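The following exercises practise the reading of a protein model. Please study the sequence and the structure before turning to the solutions.

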Amino acid sequence: MKRLKKMIHNCPYLAALLVMWLLMTIGGIILIIYRDYGRVKWGDLVSNPLFAVVWEAEKKNNIGNFMKSESAAVVLSDRNAGQMGIQAQTQLAKGPMVQLPEEDSEAVPEEEQIVGETVFVEYPPVETDSIYYEDVGKTALTTDYPYTTVTEDYFKDAAFLGDSRTIGISDYAGLDADFYCDNGMTIYKLLGEKGVTWQKTGEKVNLSQVLQEKKYGKIYIMLGMNELGYGDTEYFRKHYQELLDQIREWQPQAIFFLMANLHVSQEKNNLETEFNNININAKNVAAASLADGINIFYLDSNPFFTDENGLLKSELTFDGVHLYANNYAEWKNFLMEHGVVREADGER
């Protein structure tokens with residue numbers, strides 16, 4: 001003990017290290033006790049988006065991993081890669097579509113199963129140094145499927161889940177559906193205890209409880225804008241998949257439509273931050289990768305509102321992010337032209 005005191009006296013750095021070790025040991029014991037006998041769960045800690053920023057920053061080249069299984073992509077020759085040329089989607093959609101292999105279905109014989117196909121258009125990616133996203137070098141087209149043009153009655157058993165853009169559809173599209181959305185809503189908060197606003201009443205509801213008690217025929221989801229600075233794209237896709245799986249467990253009879261996030265205008269497209277169209281496109285591609293063309297479809301309305309460089313047209317927006325009220329009629333028409341109608345529940 002005397003020798004230890006002498007070493008500490010002669011080496012203050014050693015003393016500091018011993019104090020730090022002692023504090024960390026005590027803190028670790030307290031955390032373990034609190035974990036076992038308190039209310040803290042490790043899963044709640046590591047699933048926090050702030051933790052993900054540090055954790056995911058240690059990974060390299062993970063953005064391309066979630067698309068490795070995709071077997072179809074159209075190569076977009078030398079274009080303005082930085083802006084991604086979303087209008088190219090419309091042009092390519094008019095030509096031959098590259099086919100994705102159909103997934104096997106146990107419920108319905110292959111010759112009777114109609115499977116939609118989500119095609120991805122490749123372009124030369126640009127270099128980024130953000131921990132939140134990379135340029136994935138591709139953009140997704142609306143799932144190719146024999147959609148039905150429907151009437152407004154089609155949406156009476158529909159639920160729309162989303163953020164401020166979804167509020168815009170609720171306020172100005174004139175659809176008779178249930179809208180559960182809030183400004184700043186994310187996939188991390190949608191099913192949380194704080195709830196989400198039911199736009200018909202303006203009151204907060206527990207969406208987890210609602211989706212277990214009320215059955216919907218269609219569910220539209222549009223999330224991703226407020227997640228641009230939370231974790232990276234793979235982290236976003238993972239939690240989007242978990243959210244989708246949970247809601248499908250509660251709503252197995254529903255048809256799901258994953259709606260692409262609108263791009264922003266030139267003024268809002270800031271490549272020096274995470275709030276830009278490259279990041280938005282990465283999140284959209286992640287969402288599109290979850291579509292199976294059977295019960296889950298990806299819908300992208302960007303070609304109706306963006307220019308040849310993939311930028312939201314300035315004359316359509318008052319803040320570079322949200323549309324003027326009169327432009328939601330175009331969005332409504334797009335949704336009505338992309339209905340999925342089946343003759344019987346057994347076909348699903």
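**Exercise 1.** In which helix does leucine 22 lie? Classify leucine 22 as buried, partly exposed or exposed, and name the surface patch residues that accompany leucine 22.

*Solution.* The model is a predicted one.
Step 1. Leucine 22 belongs to helix H2, which covers residues 12-37.
Step 2. The relative accessible area of leucine 22 is 45%. Buried requires a value under 20% and exposed a value over 50%; leucine 22 is therefore partly exposed.
Step 3. Leucine 22 forms a nonpolar surface patch together with Trp21, Ile26 and Ile30, and this patch measures about 430 Å².

**Exercise 2.** Describe the protein chain as a whole: how many helices and strands are there, and what percentage of the residues is buried?

*Solution.*
Step 1. The chain contains 10 helices and 10 strands.
Step 2. Of its 348 residues, 48% are buried.
Step 3. The accessible surface amounts to about 18,400 Å², and carbon and sulfur atoms hold 53% of that area.
Step 4. Among contacts with a separation of 6 or more, 72% join residues that are 24 or more positions apart.

**Exercise 3.** Examine helix H6: how many of its residues are buried, which elements help to cover them, and what is found at the N-terminal end?

*Solution.*
Step 1. Helix H6 spans residues 164-172, and 7 of its 9 residues are buried. These are Ser164, Arg165, Thr166, Ile167, Gly168, Ile169 and Ser170.
Step 2. The cover over these buried residues includes strands E4 (158-162), E5 (178-181), E8 (218-222) and E9 (255-259), as well as helix H10 (328-336).
Step 3. The N-terminal end of H6 is capped by aspartate 163, which has a side-chain oxygen 3.2 Å from the backbone nitrogen of arginine 165.
Step 4. Just after the helix, glycine 174 adopts a positive phi of about 75 degrees.

**Exercise 4.** Is lysine 218 buried or exposed, and which backbone oxygen does its side chain reach?

*Solution.*
Step 1. Lysine 218 is located in strand E8, one of the elements covering the buried residues of H6.
Step 2. Its relative accessible area is 11%. Because the limit for a buried residue is under 20%, lysine 218 counts as buried.
Step 3. The side chain of lysine 218 reaches the backbone oxygen of tyrosine 154 at a distance of 2.7 Å.
Step 4. Apart from neighbours within four places in sequence, lysine 218 contacts Tyr154, Asp157, Ala158, Ala159, Ala254, Ile255 and Phe257.

Definitions and conventions
Residues numbered from 1 in each chain as written. Predicted model: local features only at pLDDT ≥ 70, side-chain atom pairs only at ≥ 80, totals over all residues. Heavy atoms only, no water. Helix = DSSP H or I, 4+ residues; strand = E, 2+ residues; numbered from the N terminus. Buried < 20%, exposed > 50% of the residue type's maximum accessible area, 1.4 Å probe, protein only. Contact = heavy atoms within 4.5 Å. Areas by Shrake-Rupley, 256 points an atom, 1.4 Å probe, with all protein chains shown as cover. Polar contact = N/O pair within 3.5 Å; in protein donor to acceptor, adjacent residues only side chain to side chain. Patch = residues over 30% accessible without salt bridge, like charges linked within 9 Å, V, L, I, M, F, W, Y side chains within 5 Å. Salt bridge = Lys/Arg side-chain N within 4 Å of Asp/Glu carboxyl O.
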